[in-house]
Amino acid sequence: MEAVVSLLNVFHSEDGGFPVTLGLFLIFLCLLYWYSVYPFSVLSRCGIKHPDTVPFFGNLFMFRQGFFGPISDLIRTHGRVCGYYLGRRPVVVIADPDMLQQVMVRDFSSFTNRMAFRFATKPISDCLLMLRNEHWKRVRSILTPSFSAAKMKEMVPLINTATDALMNNLDVYAESGEAFDIHKYFGWFTMDVIASVAFGTQVDSQKNQDDPFVRHAQMFFSFSFFRPLLLFFMAFPHIMAPLAGLLPNKRRDQMNHFFINTIQQIIKQREEQPPEQRRRDFLQLMLDARTSKETVSVEHFDTLNHTDDLSHRNQQARPSASDHSSPHAQGPHTRGPQRKMITEDEIVGQALVFLLAGYETSSNTLAFTCYLLALHPDCQHRLQEEVDEFFIKYASINERFVLIVFS
């Protein structure tokens, strides 16, 4: 503070206020420059190599064409443990298996939460990828029983319906021998599966790409960091984050209203139907979880394999009467099963995370698999033999998909 006063005295004069104004402007420029570069010393202080940064934005512009290529180049250039700055936020990239095991297993208690996203608004802010601490534990403990093998099998007919639609399209090219973009068809197939399983709605994006669900889902994936307003958000997050939900965003509001309204209508329809007539999809499993007594304690996350194991684990993890009497039994770090109602906003959030995490990942994996099989006929032949052996035991699996891919 004394330095600022001294600098102002240097520019002060009785002749007028111009020197003071100039002094304040220079101080503002110095502070602005300091603000633009001061976060970019964190990684260096920790001994982590990183590319050169741009004031305010760090290494954001290196991801204009996507994340996979730049991250691969980053690892080749700076080593298996390196970093970059996403805006003003430092990010550490770990490609060393031993260190990954250290972080994700041995020291997991120190890395329990995912990176916070300041500008997330409802309903995406209610998905598991965004929830933190006890809020995440509560929703996860309610949803985990929905992922048992028995309940997952109930959704196989829904996936087969989308597979049949894909096969009808691929049959045309298989018979004609014409070249086509299979990645595009896998994208439509994945969209149909997610709409059916997570949102409880039947669409055929392979034939009707003007379907409202398809259009709004494409809006969901048209997000880009490189819009002027979002770049301003990245440069001044502490100022703009509180305004994220207040500033008008017609595109965001339209998309959120569509998905929320769609799920609300389906929930209303399901509640009016007899239980035996309700569609068995992930949305219904989440609705069932609102009243189910099944929960999974934190210790057993990611180890649930069978429904039978669930009841056994709940018996072991359920606190006794003496535990309830303890003043610490219901503390903030309680690791037993937690039974609370999942809200409608949280249901919408989990459906959206299916769309976010499952659409491009699944379609890219399917397309890349087909590409590699086409490049390596010997591997394709070996895989065909294994598939033939599999069908001897499980003839109910949709064989047409494999036949079309290998043809």
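A residue counts as buried when its relative accessible area is under 20%. Keep that cut-off in hand for the tour. The model on your screen is predicted.

**Stop 1: the whole chain**

Show the whole chain as a cartoon. Its secondary structure comes to 19 helices and two strands. The chain has 407 residues, and 37% of them count as buried. Now think about contacts between residues at least 6 apart in sequence. Of these, 64% join residues at least 24 apart.

**Stop 2: Phe56**

Select Phe56. You are in the loop between helix H3 (42–45) and helix H4 (68–78). Is Phe56 buried or exposed? Its relative accessibility is 18%, so Phe56 counts as buried. Check its backbone too. Phe56 is not a glycine, yet its phi is positive, at about 75 degrees.

**Stop 3: the two strands**

Select residues 81–86, which are strand S1. Five of the six residues in S1 are buried, so the strand is mostly covered. Add residues 89–94, which are strand S2. S1 and S2 run antiparallel, and six bridges join them.

Which residue of S2 stands opposite Tyr84? Pick Val91 to see the partner of Tyr84. Then pick Cys82, and look across to Val93 in S2.

Now move to the turn. S1 and S2 form a hairpin, with two residues between them. One of the turn residues is Gly87, and its phi is positive, at about 70 degrees.

**Stop 4: helix H11**

Select residues 228–235 for helix H11. Colour Leu231, Phe233, Met234 and Ala235, which are buried in H11. What do the buried residues of H11 pack against? Show helix H2 (18–37), strand S1 and helix H12 (237–240), and you have the answer. You met S1 at the previous stop.

**Stop 5: Asn133**

Jump to helix H6, residues 133–143, and select Asn133. Asn133 is not a glycine, but its phi is positive, near 55 degrees. Its relative accessibility is 46%, so Asn133 counts as partly exposed.

**Stop 6: Ser196 and Thr201**

Select Ser196 in helix H9. With a relative accessible area of 1%, Ser196 is buried. Leave out residues up to four places away in sequence, and Ser196 touches Leu158, Thr201, Gln202, Arg279 and Asp281.

Follow the contact from Ser196 to Thr201. Thr201 lies in the loop between H9 (182–197) and helix H10 (212–220). Set aside neighbours within four places in sequence. Thr201 is then in contact with Ala195, Ser196, Phe213, Ile266 and Arg279. Arg279 also appears in the list for Ser196.

Draw a distance line from the C-alpha of Thr201 to the C-alpha of Ile266. How far apart are Thr201 and Ile266 in space? The C-alpha atoms are 8.1 Å apart, while the two residues are 65 apart in sequence.

**Stop 7: H9 against H17**

Keep H9 in view and add helix H17, residues 344–375. H9 and H17 pack at an angle of about 145 degrees, and their axes are 8 Å apart. The crossing of H9 and H17 is right-handed.

Show side chains on both helices. On the H9 side, look for Ile182, His183, Phe186, Gly187, Phe189, Thr190, Met191 and Ile194. On the H17 side, they meet Phe354, Leu355, Gly358, Tyr359, Ser362, Ser363, Asn364, Leu366, Ala367 and Cys370. Colour these residues by class. This contact of H9 with H17 has 11 nonpolar, seven polar and no charged residues.

**Stop 8: H14 against H17**

Stay with H17 and add helix H14, residues 282–289. The axes of H14 and H17 come within 11 Å and cross at roughly 150 degrees. That angle makes H14 roughly antiparallel to H17, because angles over 145 degrees count that way. The crossing of H14 and H17 is right-handed.

Which residues of H14 make the contact with H17? Select Phe282, Leu283, Met286 and Leu287. Their partners in H17 are Ile347, Gln350, Ala351 and Phe354. By class, this contact of H14 with H17 has seven nonpolar residues, one polar and no charged.

End on Phe354 of H17. Phe354 belongs to the contact with H14, and Phe354 is also listed in the contact with H9.

Definitions and conventions:
Residues numbered from 1 in each chain as written. Predicted model: local features only at pLDDT ≥ 70, side-chain atom pairs only at ≥ 80, totals over all residues. Heavy atoms only, no water. Axes fitted to C-alpha atoms, helices over the stretch in contact; angles between N-to-C directions. Helix = DSSP H or I, 4+ residues; strand = E, 2+ residues; numbered from the N terminus. Parallel < 35°, antiparallel > 145°, perpendicular 65-115°, else oblique. Left-handed = near helix turned anticlockwise from the far one by under 90°. Contact = heavy atoms within 4.5 Å. Nonpolar A, V, L, I, M, F, W, Y, C, P; charged D, E, K, R; others polar. Buried < 20%, exposed > 50% of the residue type's maximum accessible area, 1.4 Å probe, protein only. Pairing = 2+ DSSP bridges.
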